[in-house]
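Me: I would like to learn how to read some features of a protein model. Please take them one at a time.

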Amino acid sequence: MEESSSSSTRSAAQTEKMKEKEPEKSGKKRNKAEEEEDEELFNFKNKSTEEEEEDEDLSDSEDSIFSGLEDSGSDEDDEDEELSDDEEEEEEGLDDGDLKLEPEQTQQSCVVLQIETKKRTGGGRTEEAKQEDEYVHDSSDEESCVVLQIETKKRTGGGRTEEAKQEDEYVHDSSDEEDIRNTVGNVPMEWYRDFPHIGYNLDGKKIYKPIRNKDELDDFLDKMDNPDYWRTVPDKQTGSDVVLSDEQVQLVNRLQRGQFGDANFNEYEPQVEFFSRDVMLHPVTNRPADKRSFIPSLIEKEKVSKLVHAIKMGWIKPRRVEDDSRGRYYDLWANEDSSILARHKMHLPAPKIPLPGHQESYNPPPEYLFTDEERALWEQQDPCDRKFPFVPRKFSSLRQVPAFSRFIHERFERCLDLYLCPRQRKMRVNVNPEDLIPKLPKPKDLQPFPTTQSLVYRGHSGLVRSISVSPSGQWLASGSDDGSVRFWEVCSSRCLKTVQVGGAVKSVAWNPNPSVCLLAVALDSVVLILSPSLADRQVVLSSERLLSAPQEADANEGAGPVTWSEGEGEELNQGIRLKIQHPKAVQQVSWHAKGDYVASVMPDHSSNLQVLIHQLSRRRSQNPFRKNKGLVQCVSFHPVRPYFFVGTQRSVRIYNLVKQEMTKKLQANSKWISSMAVHPGGDHVICGSYDCRLSWFDLDLSTKPYKMLRHHKKAVRGVAYHRLYPLFASASDDGTVIVCHGTVYNDLLQNPLIVPVKVLRGHDITHDLGVLDVTFHPTQPWVFSSGADATIRLFT
């Protein structure tokens, strides 16, 4: 009861003092009910335990920083500490989100309460009272001021004037920011990027990042719906979003425009001239001179003493006055600018003297010293023929080396050489050899192409000079010097049929038309048309129908020396349907794309009948050229247009069969063309020659070869294009087949890409002959080659 009465009396006294010190602005009288409320609010000792727990929760943390400290027992120290702590709280500006007290009122109420409590309790308090007053007297803890401010707000909340509401600067502030005070300091927040927290509060506990589940869609919707989205910025220290006020936005805009942050600042104020031409009565500053300006410098004294000591010891010597009695020598070229000579086009710098070698040393190695024989030989030689103009000698020390007797002569001769001998500038270009190599793609990126040998077709006993694949890709025909034509199954390498023609076969060619199954064979002076019957019945019937067409009456008149005849007896059983007799030996046969025309080549300088074109449906032949310029080696039809390619020893002529005129002449730059192939597109031609060259012609680009490939070491015997893949191959007497990747672009401004990808080996060189012919499979990236070793090989 005594404690309660004392506490009520103390609170009443405090209330009266606070009433006296309240400003006049809030001078309204409060009623008795409010005074009773104040007495109850300031009576801390009569509070229930629930209210104490609520007050404890209002602090920053459950355990305050100073909660573990015991009361020291001295009243004076406590008062000093409480007063100082109150001042710190005032400086820190602790606030309670919705409450705004006048600063004077807050200070006075806190101080009055603490002083009155001290006076009443004194030093004779019990331990229980000390524990109860722990939150009241320890003003360094933020709880006391916060509780006081909250209770005072309850007391004065309803009675605030409109003027106080307008001056309330903490209305829009949230107490969450005060609770989540981050104590990491001024450190980059990127350090906490990989952690779940963003710092620590006053109690050292982690401040965890807010849970953000916003994706790009939510952010976009927020951007569309939220009118304050443009002024919302994230706070990295608290992890929350802060909405900028109008004043803050205005400040940012002013800073971005390069203006001053304060809108009221006048940057064009008139300048105050402190100094003028008028002599002023008083100086700008009257600061007296320093004491050190009257005292000699000790540092300079030490430096001077060191210099004097160095002069006395002789370490520093005075400058010598040059004697003018001696003659002065001037450099004539001292003022000459070397850059002037360097800019002169005809200026050639003098060659430098080679550096001395081991033989010019005073102590050369023994192998550089002359023997008696070498010395006698050196003396007998003419001075201009001697390797060295002196005899190497050896001395034990450098002091014993005499002067060189020919020194002046050599200097004079060098001056004569520089003066009289003409010099020539050598233009040297430093080129990296790797830069000259074109940047080609890797072969792995250019697949598929044949790489390995898969099958070997054995059965011929002589040279296999020519091979040809059927349009379906199932059958392979080969002609050999053993007088036979063999038909092979491609996949199994099995020989299905052998036709003995009675002579060395020079060339075989399968009809490119898939609706017929015919083979043209050239041997000696005869061209045979074979029907091997290696297709279905419909194709065989159409082939027979083509060969059994009625012969025209005037067929023999235009034929000239060519004779057509049909096979008889045993020849029919072997499949020989037609025989075209030529006046001279036939070296090559070539079909037209439609399969009705076949051309034959008879190389002969003395005759104009070097090329003949035969039509099977009408059984007639014609000589398209009145005169042949050069020895014809090979011919080929254009795959699409009515053009005819005729390859001679040095050039390739292209004729238009409709206009009956020559359209272009390709210069191969080779000594002797051996073979020719036309690209399936018809705009590119490759030619192989006996001088180991492969020429690629771009018909739209030039009549000269676009690319010359010299990959083979011996004569090139055969070349071939693939119908579907960008591949071409060449066969040579060195026993190899080189497969190249050749991409042709539709863009006329882009040149073809030619890359050698594989060298195929497998044939044996026989009688200095290697691979004689090469051809591609019509649908697969496979290549066939025939050689002088009487074998045919398939590379896949």
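Me: Which residue in β25 is the bridge partner of Ile686?

Reply: This is a predicted model. In general, strands of a sheet pair through backbone hydrogen bonds, in a parallel or an antiparallel way. Here the partner of Ile686 is Trp696. Strand β24, residues 684–689, pairs with strand β25, residues 694–698, over five bridges in the antiparallel sense.

Me: In what order do the four strands of the open sheet stand?

Reply: The order is β23-β24-β25-β26, with antiparallel pairing. Because β23 (673–678) and β26 (707–709) each have a single partner strand, they stand at the edges, and one side of each has no neighbour in the sheet. On average, neighbouring strands of this sheet are turned by 20 degrees against each other, direction ignored.

Me: How is empty space found, and how much of it lies in the second largest pocket?

Reply: A probe the size of a water molecule is rolled over the atoms, and this shows where empty space is left. For the second largest pocket, the space is about 1,200 Å³.

Me: Which residues lie nearest the centre of that second largest pocket?

Reply: Of its 31 lining residues, Glu360, Pro389, Phe390, Phe404 and Glu410 lie nearest the centre. Helix α16, residues 407–420, gives the most to this lining, namely six residues.

Me: Which residues form the nonpolar patch on the surface?

Reply: The patch consists of Leu307, Ile311, Met313, Trp315 and Ile316, and together they have about 560 Å² of accessible area. Leu307 belongs to helix α13, which covers residues 298–313.

Key. Residues numbered from 1 in each chain as written. Predicted model: local features only at pLDDT ≥ 70, side-chain atom pairs only at ≥ 80, totals over all residues. Heavy atoms only, no water. Pairing = 2+ DSSP bridges. Helix = DSSP H or I, 4+ residues; strand = E, 2+ residues; numbered from the N terminus. Axes fitted to C-alpha atoms, helices over the stretch in contact; angles between N-to-C directions. Patch = residues over 30% accessible without salt bridge, like charges linked within 9 Å, V, L, I, M, F, W, Y side chains within 5 Å. Areas by Shrake-Rupley, 256 points an atom, 1.4 Å probe, with all protein chains shown as cover. Salt bridge = Lys/Arg side-chain N within 4 Å of Asp/Glu carboxyl O. 1 Å grid on protein atoms, 1.4 Å probe; cavity = no way out; pocket = protein on both sides within 12 Å on 5 of 7 lines; lining within 4 Å. Points joined across faces, edges and corners; volume = space filled by probe spheres on them.
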